[in-house]
Amino acid sequence: MSLLLTDLLNLNLSDYTEKIIAEYIWIGGSGIDIRSKARTLPAPLSDPSKLPKWNYDGSSTGQAPGKDSEVILYPQAIFRDPFRRGNNILVICDTYTPNGEPIPTNKRANAAKIFSHPDVVAEEPWFGLEQEYTLLQKDVKWPIGWPLGGYPGPQGPYYCGAGADKAFGRDVVDSHYKACLYAGIDISGINGEVMPGQWEFQVGPTVGISAGDQLWAARYILERITEIAGVVLSFDPKPIEGDWNGAGAHTNYSTKSMRSDGGYEVIKKAIEKLGLRHKEHIAAYGDGNERRLTGRHETADIQRFIWGVANRGASIRVGRDTEKDGKGYFEDRRPASNMDPYVVTSMIAETTVLWKP
């Protein structure tokens, strides 16, 4: 890129104008595609409810028919923009018809209802989301660092590994880590995964609906960074068939009662309820998950619900510390990497707090 272009991209607008650029971000028709467009606002803003609503052509995202194509964007959460910097912002939005009904792919609206229920609010649900993903070579859709049309050495040296023959794409991962911290996302860590070319970042602990807002913002930032780096981001739960680990989005969860004395009993009751609704949860936990949840590669079989302490082959894992302290949190290992965090987090809260079997 020419020096002049770089200079222009790095212009600090706040030296010259009050105006800011807001990138409005929403989820498209497939439920995993992230769309965005930008507009100028007269001055910096930090409250999403003060931002103007906007609209877009839903017939181009698979969310509306051509003859009635307008979908309305409602701003819901604001993050600092790590690409434009200055006072510019990223805005997570959800999607409505012109008469104010959430459109079918708007999963945030129902999640917000669950998270604003007084019983759920009182329990202060905390989430820690572990997002696994795979980086692919641009034109061949094969993991980065893999020989074209061939395979690297078997799994073993890659998990949390270092070195040119073990860790592929660390520049993307570290740029993303810093960009998320800059944006105001509660990103809590990153690591190289078991399959080469696969990585993970964690978001949390975050409370309620903001877990979903933050994970979608982090996914958007990662899409933008991979775009710059010329690699393709995949959230497929089993990108490579065979003896390679799949990609999940393990969801760590606790409520106030679980974090308080006697919490382990509350955790066991919650897990029992999750077991009774196993099929409903699996159906909502991401597409293609049956290719990942096979009972191998640190997963439980998709048909069976099992939980255990420190067991990575379980549907739900409880940590040793939680068992020892008699309180804490648990990890739902079933969600796939392409899950919608609004759906998964709100469903866990609904089943464990609101649902009476």
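**Exercise 1. Is the crossing of α7 and α10 left-handed or right-handed?** Describe the geometry and the residues behind this helix pair.

*Solution.* Keep in mind as you work that this is a predicted model.

Step 1: Find the two helices. Helix α7 covers residues 263-276 and helix α10 covers residues 341-354.

Step 2: Look at their axes, which come within 9 Å and cross at roughly 115°.

Step 3: Assign the hand. The crossing of α7 and α10 is right-handed.

Step 4: List the residues that touch. On α7 they are A270, K273 and L274, and on α10 they are T351, T352 and V353.

Step 5: Sort them by class. The contact of α7 with α10 has three nonpolar residues, two polar ones and one charged one.

**Exercise 2. Describe the interface of domain 1 and domain 2.**

*Solution.* Step 1: Set the bounds. Domain 1 runs over 3-105 and domain 2 over 118-354.

Step 2: Place the domains relative to each other. Their C-alpha centres lie 27 Å apart.

Step 3: Count the partners. On the domain 1 side 17 residues take part, in contact with 20 residues of domain 2.

Step 4: Put a size on the interface. The size of an interface is often given as the accessible area lost when the parts come together. Here the area buried between domain 1 and domain 2 is about 1700 Å², and carbon and sulfur atoms give 74% of that.

Step 5: Check for salt bridges. The rule finds zero of them across the interface of domain 1 and domain 2.

**Exercise 3. How many salt bridges does a search of the whole structure find, and what does the pair E124 and K256 tie together?**

*Solution.* Step 1: Take the total, which is 19 salt bridges for the whole structure.

Step 2: Test the pair. The closest N and O atoms of E124 and K256 are 3.7 Å apart, and the cut-off is 4 Å, so E124 and K256 form a salt bridge.

Step 3: Locate both ends. E124 lies in the loop between α3 (118-123) and β6 (126-137), while K256 is in helix α6 (residues 256-259), so the pair ties together parts that are 132 residues apart in sequence.

**Exercise 4. Describe the backbone at P205 and at H297.**

*Solution.* Step 1: Start with P205, found in strand β8 (residues 198-207). The peptide bond from G204 to P205 is cis, with omega near 0°.

Step 2: Turn to H297, in the loop between α8 (278-284) and β11 (307-309). H297 is not a glycine, yet has a positive phi of about 55°.

Note on methods: Residues are numbered from 1 along each chain as its sequence is written. This is a predicted model: local features need pLDDT of at least 70, side-chain atom pairs count only at pLDDT 80 or more; totals for chains, interfaces and linings use all residues. Side-chain values use heavy atoms; hydrogens and water are left out. Axes are lines fitted to C-alpha atoms, for helices over the stretch in contact, and angles run from 0 to 180 degrees between N-to-C directions. Helices (H or I, at least four residues) and strands (E, at least two) are DSSP runs, numbered from the N terminus. A crossing is left-handed if the near helix is turned anticlockwise from the far one by less than a right angle, and right-handed if clockwise. Contact means heavy atoms within 4.5 Å. Ala, Val, Leu, Ile, Met, Phe, Trp, Tyr, Cys and Pro count as nonpolar, Asp, Glu, Lys and Arg as charged, and the others, Gly among them, as polar. Domain bounds come from an automatic or database domain assignment. Buried area is the accessible area (1.4 Å probe) that two parts lose on being put together, summed over both. A salt bridge is a side-chain nitrogen of Lys or Arg within 4 Å of a carboxyl oxygen of Asp or Glu.
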